[in-house]
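Q: I'm in my first year and still learning how to look at a protein model. Please take me slowly through one part of this one: how its helices pack against each other, and what lies around them.

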Amino acid sequence: MSQRALILGITGQDGSYLAELLLSKGYEVHGLIRKSSTGNTKNIDALLEKITLHRGDLADTTSLYRTIKSVRPQEIYNEADQDHAGWSYDLVDYASDITGSAPGRVLEIVRQLDPTIRFFQPLTSNMFGLTESKTQNENTPLMPQSPYACAKVYAWMLSRYYRQVHKLFVSTAIFFNHESPRRTESYVSRKITKAAVRISLGLQKKLLLGDMDARIDFGYAGEYMEAAWNILQLDTPDDFVIGTGEAHSVREFVEEAFKIVGLKAADYVEVDPTLLRPGKTSTLIADFSKAQKTFGYEPKIRYKQLIKLMIENDLRQGRR
C-alpha cells in the first residue's frame with residue numbers, strides 16, 4: 001500500500017511543491033482546502049486529478065477532525081498558516097490563532113485519533129528576530145519582532161510539548177526565506193521580479209520598496225519541501241534549521257533581477273518609507289550543519305539561480 005499524506009495548505013507555495021514531491025514518490029496525497037472568494041487552486045491545477053481535496057479550515061476544529069478521521073494519513077504536513085510577517089502587524093488575532101494555536105488543534109486530534117501519525121510543522125527564522133549571533137541554529141535564543149514570529153514560537157513550543165509529553169512523532173523545520181515563481185506579489189522577492197519584467201515590457205513605470213539594505217538568506221521553496229519530507233522519514237522526531245547559509249541585500253536582489261531583463265535598477269526603483277516595517281530584525285543567516293550531518297541536506301539552487309528562475313517564469317507569463 002502507498003503512503004497516505006495530508007497536506008494542510010496544499011494550495012500555497014510550499015504545499016503545492018510538497019504535493020508534487022509526494023506524488024513523485026508514490027504517495028496517495030490529500031489536501032485541505034479552504035473557501036476563497038477568488039479561487040485558490042492555481043498552484044495545484046495540474047494535480048487536481050491526482051490528489052483528493054477536502055473542505056476545511058484551520059480555524060474550524062470540526063473540519064480538521066473530520067478530515068483526519070476520514071483520510072487516516074500516515075503523515076500530516078501543516079503548510080497552512082498566516083505566513084506573512086508584514087500582514088501580521090494588522091492581523092494580530094488571526095495570526096495568533098491560525099499560525100500559533102492551530103497546530104495544537106491538529107496535534108490534539110492526532111493524539112486522540114491515531115498517535116502513530118507523523119506530523120511536520122514548519123517554523124520561521126523570524127523567530128530569532130534581534131540576535132547577536134552571526135548565524136542561527138536550533139539552539140539560538142529567540143527574540144521575535146512581529147506577531148507572526150511570536151505565533152511561530154508558540155507553534156514550536158506546542159510541537160515540542162506534544163513530542164515530549166505525549167510522545168507523538170512531531171518534527172519541525174526552522175525555514176529561512178524561501179522563494180519561487182509561486183510566491184504572491186505580497187512578498188518582496190516576487191514583487192521585484194514581476195516589476196522588473198513588467199517594466200521591461202513597458203507595462204509598469206517604477207517599483208516602490210521599503211528597506212533596500214535588509215540582508216536575507218534566500219532559498220528555493222522546492223528544495224525546502226524535500227528537506228521537510230526527509231525530516232519526517234527519520235527514525236526520531238527532531239528540529240532542524242533549513243537555509244542556504246548566505247545573505248544578500250534586497251538591493252542586490254533588485255539589481256540582479258533588473259540586470260537579467262537588461263535594465264538598470266536605479267532608473268526605476270524608489271524607496272517608500274510607508275513600506276518600512278515597525279519591527280526590524282537582525283540579519284539572519286542559517287547554520288544548517290545539523291540537517292547536513294543528519295540527512296545530507298545541502299542547498300543546490302543559490303541566489304542568482306533563484307532570481308533567474310523567477311524572472312524566466314514571469315517573462316513567460318508577461319508575454320502571454
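A: Let's start with the word axis: an axis is a line fitted to C-alpha atoms, for helices over the stretch in contact, and angles run from 0 to 180 degrees between N-to-C directions. The model is predicted, so local features need pLDDT of at least 70 and side-chain atom pairs count only at pLDDT 80 or more, while totals for chains, interfaces and linings use all residues. Residues are numbered from 1 along each chain as its sequence is written, and side-chain values use heavy atoms, with hydrogens and water left out.

First up are helix α2 (residues 61-71) and helix α4 (residues 92-113), whose axes come within 10 Å and cross at roughly 40°. Helices (H or I, at least four residues) and strands (E, at least two) are DSSP runs, numbered from the N terminus. That angle makes α2 and α4 oblique to each other (under 35 degrees is roughly parallel, over 145 roughly antiparallel, 65 to 115 roughly perpendicular, and the rest oblique). Their crossing is right-handed, meaning that the near helix is turned clockwise from the far one by less than a right angle; anticlockwise would be left-handed. On the α2 side, the contact (heavy atoms within 4.5 Å) uses Thr61, Leu64, Tyr65, Ile68 and Lys69, and α4 answers with Arg105, Val106, Ile109 and Leu113. Sort those residues by type and you get 6 nonpolar, 1 polar and 2 charged. Here Ala, Val, Leu, Ile, Met, Phe, Trp, Tyr, Cys and Pro count as nonpolar, Asp, Glu, Lys and Arg as charged, and the others, Gly among them, as polar.

Follow the chain out of α2 and you'll meet Arg72, in the loop between α2 and β4 (75-78). Its phi is near 50°, a positive value in a residue other than glycine. Most residues other than glycine have a negative phi. At 35% relative accessibility, Arg72 counts as partly exposed (buried is under 20% relative accessible area, exposed is over 50%, and partly exposed is in between, with a 1.4 Å probe and protein chains only).

Now hop over to helix α1 (residues 13-24) and α7, where the axes come within 9 Å and cross at roughly 60°. These two are therefore oblique to each other as well, and their crossing is right-handed. From α1, the contact takes in Gln13, Asp14, Tyr17, Leu18, Leu21 and Leu22; from α7, it's Ala221, Gly222, Met225, Glu226 and Trp229. By type, that contact holds 7 nonpolar, 2 polar and 2 charged residues.

Leu22 turns up again in the largest nonpolar core, which has 58 residues: along with Ile242, Val254 and Phe295, it touches the most other members. Helix α7 (residues 221-232) gives the most to this core, with 8 residues. A nonpolar core is a set of buried Ala, Val, Leu, Ile, Met, Phe, Trp, Tyr and Cys residues joined through side-chain atoms within 4.5 Å. Ile242 is worth a click: beyond its neighbours within four places in sequence, its contacts include Phe175, Tyr224, Ala227 and Phe295. There's also a second, separate core of 20 residues, and Leu64, Ile76, Val110 and Leu168 belong to it.

Val254 takes us to helix α8 (residues 250-260), where the buried residues are Val250, Phe253, Val254, Glu256, Ala257 and Phe258. They pack against several elements, including α6, β13 (269-271) and α10. Just after α8, Gly262 has a positive phi of about 80°.

And how do α6 and α10 themselves meet? The axes of helix α6 (residues 188-200) and helix α10 (residues 303-318) come within 9 Å and cross at roughly 50°, which makes α6 oblique to α10. This crossing is right-handed too. Among the α6 residues in the contact are Arg190, Lys194 and Val197, while the α10 residues include Met310, Asp314 and Leu315. The types here come to 5 nonpolar, 5 polar and 3 charged.

Last stop: Pro237, in the loop between α7 and β11 (239-242). At 18% relative accessibility, Pro237 counts as buried. Its C-alpha is 8.5 Å from that of Leu168, 69 residues apart along the chain. Not counting residues up to four places away in sequence, Pro237 touches Arg163, Leu168, Phe169, Val170 and Ser171.
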